[in-house]
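Welcome, and please open the model in your viewer. We will take it one selection at a time, with a short look at what each stop holds.

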Amino acid sequence: MALVAEHYDRHLGPVYRWMIGDVAAALQRNQSELDAIGVTPGTTRLALDLGAGIGVHAIPLARLGFEVIAIEASTPMVAELRRETDALPVRIIKDDLLDFPKYVSGSVDAIVCMGDTLTHLPSRDAVARLLSNVAATLSTPGVFITTFRDYSGTAPEGPARFIPVHSDERRILTCVLEYAEETMAVSDLLY
């Protein structure tokens, strides 16, 4: 995960808020998703946000009544997360999301790992280890929510490998996908 954190520190972290676009709309969309799933605090009232970014899931969880432990490895994203969650019950930890068990004593009601965060893990073993730790940490009942882009199907070729992410009059962010046998290289190009 060190390479991912370094990429976010140097490249995406400083422009992440801009990359999202309308942050208020993202917060509302994520709040609506959690409401639709029926996520509510249980006996522990604790939630984990793994790879919390700038808080677009930690904030809705806190507004639902959870005490949130938000784990993020990127320094610029942690700084933004601190600004966004100032008055909310969110404990921010700068660390690798795989190390979340050392910050939790007991079980939690909800764990989220949203966006493409899960796909940033370095290996299938790391994914298996994360999922095993998630299962061991969830209360009964508890909920684990993860999302990621669907990379299955035919690999895009030529110009289809380039995905426009966001642009304005000053910047353009494009993502380039390069498929391999069991992995994919994703390059973020910021102009």
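How many bridges join strand S2 (residues 67-72) to S3? Select both strands to find out: five bridges join S2 to S3, and the two strands run parallel. Bear in mind on this tour that you are looking at a predicted model.

**Stop 1: the five-stranded sheet**

Keep S2 and S3 selected and zoom in on the pairs. Ile-69 has Arg-91 in S3 as its bridge partner, while Val-68 is partnered by Val-90 of S3. Now add S1 (46-50) to the selection. S1 and S2 also run parallel, joined by five bridges. Here you meet Ile-69 of S2 again, this time standing opposite Leu-48.

Is S2 mostly covered or mostly open? Colour its residues by accessibility: five of the six are buried, and S2 is mostly covered.

Next, show the whole sheet. Five strands make up this open sheet, and their order is S3-S2-S1-S4-S5 with parallel pairing. At the edges are strand S3 (90-94) and S5, each of which pairs on one side only. Neighbouring strands in this sheet are turned by 15° against each other on average, direction ignored. As a piece of background, the strands of a sheet pair through backbone hydrogen bonds, either parallel or antiparallel.

**Stop 2: the crossovers**

Select S1, helix H4 (residues 58-63) and S2 and follow the chain through them: together they make a right-handed β-α-β unit. Then move on to S2, H5 and S3, which make a right-handed β-α-β unit as well. Helix H5 (residues 75-84) lies across S2 and S3, and it runs at about 165° to S3.

**Stop 3: a loop residue**

Where is the place of Ala-87? Follow the chain from H5 towards S3, and you will find Ala-87 in the loop between them. With a relative accessible area of 77%, Ala-87 is exposed. Try drawing a distance from its C-alpha to that of Asp-125: these residues are 38 apart in sequence and 37 Å apart in space.

**Stop 4: helix H6**

Asp-125 brings you to helix H6 (residues 124-137), which has 14 residues. From its first C-alpha to its last, H6 reaches 20 Å, close to the 20 Å expected at 1.5 Å a residue. Which residues of H6 are buried? Show the side chains of Ala-126, Leu-130, Val-134 and Thr-137, for these are the ones. They cover an arc of only 75° around the axis, which puts them on the same side of H6.

Turn the helix round, and on its other side you will see Arg-124, Asp-125, Ala-135 and Ala-136, which are exposed. To see what covers the buried residues, show their surroundings: the cover includes strand S1 (46-50), strand S4 (108-113) and strand S5 (138-146). H6 lies across S1, S4 and S5, and its direction is at about 145° to that of S5.

**Stop 5: helix H3**

Now select helix H3 (residues 23-37), a helix of 15 residues. At 1.5 Å a residue it should span 21 Å, and its end C-alpha atoms are indeed 21 Å apart. Its buried residues are Val-23, Ala-26, Leu-27, Asn-30, Gln-31 and Leu-34. Look down the axis of H3: these buried residues fall within an arc of 135°, so they line one face of the helix.

On the other side of H3, look for Ala-24 and Ala-36, both exposed. Among the elements that cover the buried residues of H3 are helix H2 (16-20), H4 and S5.

**Stop 6: the three-stranded sheet**

For the last stop, select S6, S7 and S8. How do these strands pair, parallel or antiparallel? They form an open sheet in the order S6-S7-S8, and the pairing is antiparallel. Strand S6 (162-167) and strand S8 (184-190) are the edge strands, each pairing on one side only. From one strand to the next, the twist averages 20°.

Finish by zooming in on S6 and strand S7 (residues 172-179), which pair in the antiparallel sense over five bridges. Pick out Ile-163 and its bridge partner in S7, Cys-175.

Definitions and conventions: Residues are numbered from 1 along each chain as its sequence is written. This is a predicted model: local features need pLDDT of at least 70, side-chain atom pairs count only at pLDDT 80 or more; totals for chains, interfaces and linings use all residues. Side-chain values use heavy atoms; hydrogens and water are left out. Helices (H or I, at least four residues) and strands (E, at least two) are DSSP runs, numbered from the N terminus. The expected span of a helix is 1.5 Å times one less than its number of residues. Buried means under 20% relative accessible area, exposed over 50%, partly exposed in between (1.4 Å probe, protein chains only). The arc is that of the directions from the helix axis to the C-beta atoms. Contact means heavy atoms within 4.5 Å. Two strands pair if DSSP finds at least two bridges between them. Axes are lines fitted to C-alpha atoms, for helices over the stretch in contact, and angles run from 0 to 180 degrees between N-to-C directions. A crossover is right-handed if, with the strands pointing away from the viewer, the path from the first strand over the helix to the second runs clockwise.
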